[in-house]
Each structure stands twice: as C-alpha cells, then as structure tokens.
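Trainee: I am new to this structure and would be grateful for a close look at a single part of it. Please take me through that part and its surroundings in one connected account.

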Amino acid sequence: MSIGIDRDKCTACGACVDACPFGVMEIVGETAVVGDGCTLCGACEEACAFEAITIVRKTGSSEAAAAYQGVWVFAEYRGGNIAGVAFELLGEGRKLAEKLGQELSAVILGGCLDGAAEELVAHGADRVFVFDHPDLLHFQEATYSRTIAGLVRERKPAVLLLGATAIGRSLAPGIAALLDTGLTADCTELDIRPEDQALLQTRPAFGGNIMATIVCADRRPQMATVRPKVMKRASRIEGHRGEIISMDLPSEAVDRRIRVLGTVAQQGDLVNLAEADVIVAGGRGIQEEKNFALLKELADLLNGCVAATRGAVDAGWIDYAHQVGQTGRTVSPKLYIACGVSGAVQHLVGMQSSDVIVAINKDPEAPIFSVADYGIVGDLFEIVPKLIQQIKNSLGQ
Amino acid sequence: MNLVVCVKQVPDAKNIRIDPVTNTLQRQGVESIVNPFDLYALEAGLRLRDEFGGKLTVISMGPPQAESVLREALSYGADEAVLLSDRAFAGADTLATAKTLAACVRRLSPFDLVICGKQAVDGDTAQVGPALAQSLDIPHVAFVGTMEGVEAGCLTVQRMMDDGYDTVAVELPALITVVKEIGEPRVPSFKGKMRAKKQPVPVWGLKELDLAEDQVGLKGSATWVERIFAPEPRGRREILDGDPDTQAANLLKRLKEDQVVKLA
Ligand SMILES: Cc1cc2nc3c(=O)[nH]c(=O)nc-3n(C[C@H](O)[C@H](O)[C@H](O)COP(=O)(O)OP(=O)(O)OC[C@H]3O[C@@H](n4cnc5c(N)ncnc54)[C@H](O)[C@@H]3O)c2cc1C
Ligand SMILES: Nc1ncnc2c1ncn2[C@@H]1O[C@H](COP(=O)(O)O)[C@@H](O)[C@H]1O
C-alpha cells in the first residue's frame, strides 16, 4: 500500500493537514507532504477537494479466500447460560455466511454444557463444535485460546467472531496472536466486500468521535469482537438442523499457569450492564446515595439496570461496577435514561451507541442534550416520580 | 520484583471530533497525554515495587515525542524508561505493536510481571496487553481490579467480569491489564520530577530489538484502515415541554412508539 500526492493538483490548501488523525501531514512550500507515522487511513484522501491524494490499497489474495471457508462464532458460556451476545453473533454470522455462500458454525467451551449445543443449532448454527471438559469449567485465557486456535488451524474458517465482552476481549487477542492474524475490536457493523470476500469491520475510534472501517484481507481467519446489543439476535428456527461435533480437549492445550479460584456473580442490583435492554443512569444530580433508590425503582419497572457516572461513583454513592464511560463500561442498551448527568465526553463514549437516549437535566445547556433523542429540562426529583407513577398506572399497579 | 509497565501516548480524546460541515477531523488544541489507564498500570507497578523491592521499567512505542510520557512516568517513580522508536514501527496494528513490545520485554529479561492499561483511549482496542502476553508466551489476566497478593511465585488478583468478578491466581512471569479500581495514581514528587528531567531515556529501534522489518509497523500489520468517516449524527434532540405530568406522559408515549419500553 502506498500514498501519493499529485503536485500539480495540490493547492496546498491544508485540508489534509486538518483531516489527518495522526498529525503527520504538512504543507511544505507549494505542496502537502506526508511525514512519518502515516497509517494510510485515507482521512486526507477523503478531505482533499482536488483529488490530489491517492492511496493505493491492497486487496486480499484469492488463495487466502479459497483455503479458508465458513463463518464461526464463539458462543460464550458462563454460569450455566449461553451469553446473549452469542445469539447476536449467530444472527450477524448468518448474514455474513449467506453473503459468502458458506456455512455458519459455533464453538462452545465449558464444563457442563447440557443442551447448549442444541440451543445454538436451534438459533441457526449449521455446525457446533463442543468442548465439554472439567478443565474448561471456568473461563481461563490460556487453555481457551489454545483450544480454539488448535481447532481453527485444523478447520480453517474464513471469519471468527467473538462478543466484545470481558471474556471475548480477553480471549480474542491471544487467539489472533497464536494464529498470527488480525483482530478488530468492538465492531458495530460488519459486511463482506464482494471483490475479495474481505470482512469489512467498522468500529468507533477516538472515543466514538470517528468511525473506522478495518480489513484483514490477506490473512485468515479474519477475527473481530462485536459489541453486545448492537447486532440483531438470531431468532429460533423451528426444525433447523445442524451437526453437533463433540471434541476432545487436547492435553497440550491445558495450561495450569492460570487458576480460577472463585467466581462471584453479583446479583440483584448488579448488573450485567452490557446485556441490559434498559439502563437508568444517575449522575451527580442525584445528590445523595439514597436517591439511587428512585432510579432503581424506575429501572425495575422497565426491567432494566442502574448505571452511574464517574461523578456519582467518586462521590461514593454507588459501586464502580456501575460506572459507564471511558474508565468504566461501554453499554448500548435499547433505552438509556440519563438523570442528572451532564454528559461529559468521557461519559458519552460509553453510552452513545444506545438506541434511544433520554436526558433529564435542570440545565438546558448540559451537553447530554446534544446526544439525546428526548430531552426534559427539569428537576429529576419531579420528573422521575411522575414517570414511575404513570408507568405503574399503565401496568395497572 | 522486576516489573515492566507499558505506557502509550494518546491524543486527549475530548478534543477530537469530525467537523460535521466539512467532514474533516478537527485536531486544533489536541494535546498529547499519557493514556489514562496506563497511569493506573504504573500505580499498580509502583505499589508492587514499593512492597517487594526490585526495579520498574516503563516502555513505550511511539514517535520521538513519546519520550515525554516516559519522563512523566519517571516523575511518578519509575526506575528506568525505554522508548521504542523507529520509522519502521509506524502504522502498527495491535499484532505488530505486541510483537515489538515483546521484543523489548525479552531484552529486559528476567522480568516477573508486565502491566498494561486496560485499553488505550485512542483506539479503545484493549488488545495489545493480551496479545503481548501471547507473544511472550506468558499467561495473562485482563481487567484486573484488585491485586490480593504474591505468594510462592503466584500473583492472586480479582478480574472484573461483566456479571461480577473472578479471583484468579496466575504463575509469574505473567501479564495483567488493569482497570481504574486498582487505585488512584499517586502525585509525582518534586524529587521525582527533577530526576525525570535528567534521566537518560534510551531509544531502541529495529536493530536493538533484533526484529525483521516485515514483523513491525505497517508491513507487519495484519489489519489496515480502509476508511475513516464521521459517525451518523445521533440524537433527535426533541425537547419535551410542559409541566412534569405532561413531560412524563409525552416521554412514555414516545418510548412506546419507539418500542423501547413494553407496558401493558
Ligand atoms: C481520564 C478521565 C476519565 C473519565 N472517565 C469517566 C467515565 O468512565 N465515566 C464518567 O461518567 N465520567 C468519567 N470522567 C469524568 C467526566 O469528565 C465527568 O466529570 C463526569 O462524567 C461528570 O459526572 P456527572 O455528569 O454525574 O456530574 P456533573 O458534571 O456534576 O453533572 C451533574 C448534572 O446534574 C444536573 N442536575 C443537578 N441536579 C439536578 C436535578 N435535581 N435534576 C436534574 N438535573 C440535575 C446538573 O445540571 C449537571 O448537568 C472521566 C474523567 C477523566 C479526566
Ligand atoms: N505503542 C504502545 N506502547 C506502549 N504500550 C502500549 C502501546 N500500545 C498499547 N500499549 C499498552 O497496551 C494497552 C492496551 O492498548 P490498546 O490495545 O491499544 O487499547 C495500553 O493501555 C498500554 O498499556
């Protein structure tokens, strides 16, 4: 790949200098010059009004595309359940498999996987590879990544998708490094490029301020983690048939350097924020720890979870596990109700891919309103109780 | 304990955005900072060093200017710093970055623990740490919130999961990536700041790391950026007026229409 600047067309206007996310473009004399650190991302090419910049891109090799076939999804399994994101991966994986004209498979690892493989077949998997072994009972990076990498080497899928969950994001880089292939994090959109069957992986970067489409066109498999709650869940297909293949755990895959001593699933008020459909978030406008009960009541009525800003967490009103944002979790529920949240960028990056955002804030200038679908300028202590009351009325309580 | 902490220089994310009118990236006034998570990684490392003795080395791969983040780390109390900088390293994806960092960590052997931040806020990938561990063939635990102790060559930690946390023991040498819960970074001392100004920071390139050109930078990368664009502007920004009763009623009506709440 290379970048070229046509000196005759370049007017030294500087649009490319402003556009470069890496700050490597410069105007020297009459023309733009590319400095060290260019990643050939194409931002300058897009910004140039004179078509003076051309980036010659690679397309994938056809050998790679031919030798590797099929779309695979990793079905995360924890605490006796298949993670919701696995069904989303099956939904998206099915679309990709159709575009490629190839099959959809799932890989599942665990210590007691009763009926899980059948569930995956019922949601569209043509094939399920099952590793069911006591050594796999708890998620453990090294053993899991070796097991999956071994299977990939043997079966050669074109695409391998994992959920961008704590487990998926910890596991995927190790698999990719073992296979010496590319990995794109936290994708929100996937597609297949018809010319070379490359997986187009689109994700937010720079805290969601820009979107980047990334390819891994000449290595296989093409790996991506996918943000939970963004892709559409596969629905149950009555009578769908698939092959369930029970695999032996290779002894060389077992790594005893990591031991899981205990797992604590926090229940009740905590929270699988990443999986929640509805999130009611409180910021410093909540004023006191006990006022989170009000948000909890609203969240419970909507079958949702409570989240918080760093402001509220730092005030000690709620546990860090609830924090959404740059130094907390990234969430994308169907509905995010922000109460007394100012909308600092560090908070916005964690929630702006939510489907519908509601902001309730006293200050009409609060930045949260700029990302909100519906805004209510007012006192949350007046508005939230009204919401609760009206919901109760319509539920007939 | 021999510790290595990986720090990255990143643009301060809050100032970067695409101008919706011209569709170009606005960089005015964008400062470079230490990736915030890497300060937590450094703090975790300093606590271990203070408890068990030994040496803490900070490393960073980046352009020559990245030296400033290493000096900042020295001011917090890191013992040594190495900058990995070479024209050949430019444009690295997480795979190539991990290989480059791995070559450096190997050169710093023997080491007991490598600590990375959970993620860098420019790319938000959270991939370099686990990939680095794999390149070094050492075990890793990601998203560590608490370090419980070191005993018999094992580090015991709590890692944050989506639904709670796990307690995990990992044999050293190992790598962890840390989240904010690990503890607030200390304040650099005056003495530290003075020392950080004077201390030499060696620069290692391809030659020093004994890496082939096709393993690093853009050439060694498996992925590349095909396109960068502005996200769809989000938010319908409809302000609901009226008294609280009307506001609440109108909101619920819209949420039902959008099918994001189900009420009987
Ligand atoms: C490196 C770094 C990382 C960070 N990471 C995160 C992160 O992960 N997550 C995060 O959230 N923040 C993060 N922050 C902090 C962030 O910059 C903001 O400080 C924080 O999000 C503000 O929280 P807040 O909205 O609760 O508080 P404030 O900014 O104080 O806003 C409170 C809001 O409540 C409103 N209000 C007050 N009373 C009422 C009422 N009765 N009714 C209605 N509205 C009311 C006010 O008008 C105000 O807008 C980070 C900062 C840094 C520097
Ligand atoms: N260029 C780099 N130099 C040093 N450390 C890095 C570099 N890139 C990433 N890291 C480390 O890896 C972590 C995760 O980064 P990322 O995978 O880019 O989100 C960071 O918090 C750093 O600790």
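Mentor: In this predicted model, the largest nonpolar core has 46 residues. Those with the most contacts inside this core are Phe292(A), Leu298(A), Leu335(A), Ile337(A), Ile360(A) and Leu255(B). Apart from its neighbours within four places in sequence, Leu298(A) touches Val280(A), Ile337(A), Val384(A), Leu387(A), Ile388(A) and Ile391(A). A second, separate core comprises 45 residues, among them Leu42(B), Val157(B), Leu172(B) and Ala196(B). As a general matter, nonpolar side chains in soluble globular proteins tend to be buried together.

The part to examine closely is the helix that carries Leu255(B), one of the buried residues of helix 7 of chain B. This helix runs over residues 244–257, which makes 14 residues. From its first C-alpha to its last it reaches 20 Å, close to the 20 Å expected at 1.5 Å a residue. Besides Leu255(B), its buried residues are Pro244(B), Gln247(B), Ala248(B), Leu251(B), Leu252(B) and Arg254(B). Viewed down the axis of helix 7 of chain B, the buried residues fall within an arc of 165°, so they line one face of the helix. The general background is that an α-helix has 3.6 residues a turn, so residues three or four places apart point the same way.

What lies over these buried residues? The cover of helix 7 of chain B includes elements of chain A, namely strand 20 (335–339), strand 21 (356–361), strand 22 (374–377) and helix 11 (380–394). Strand 15 (238–239) of chain B is also included in that cover.

The two ends of the helix deserve attention as well. At the N-terminal end of helix 7 of chain B, Asp243(B) acts as a cap, with a side-chain oxygen 3.0 Å from the backbone nitrogen of Asp245(B). Just after the helix, Gln259(B) adopts a positive phi of about 60°.

The contact between the chains can also be considered as a whole. It takes 92 residues from chain B and 111 residues from chain A. The area buried between chain B and chain A is about 9000 Å², and carbon and sulfur atoms give 56% of it. Of the area that chain B buries against chain A, Asp162(B), Trp224(B) and Arg234(B) supply 10%, more than any other three residues.

Key: Residues numbered from 1 in each chain as written. Chains lettered and ligands numbered in written order. Predicted model: local features only at pLDDT ≥ 70, side-chain atom pairs only at ≥ 80, totals over all residues. Heavy atoms only, no water. Helix = DSSP H or I, 4+ residues; strand = E, 2+ residues; numbered from the N terminus. Expected span 1.5 Å × (residues − 1). Buried < 20%, exposed > 50% of the residue type's maximum accessible area, 1.4 Å probe, protein only. Arc of directions from axis to C-beta. Contact = heavy atoms within 4.5 Å. Polar contact = N/O pair within 3.5 Å; in protein donor to acceptor, adjacent residues only side chain to side chain. Core = buried A, V, L, I, M, F, W, Y, C linked by side-chain atoms within 4.5 Å. Buried area = accessible area lost by both parts, 1.4 Å probe.
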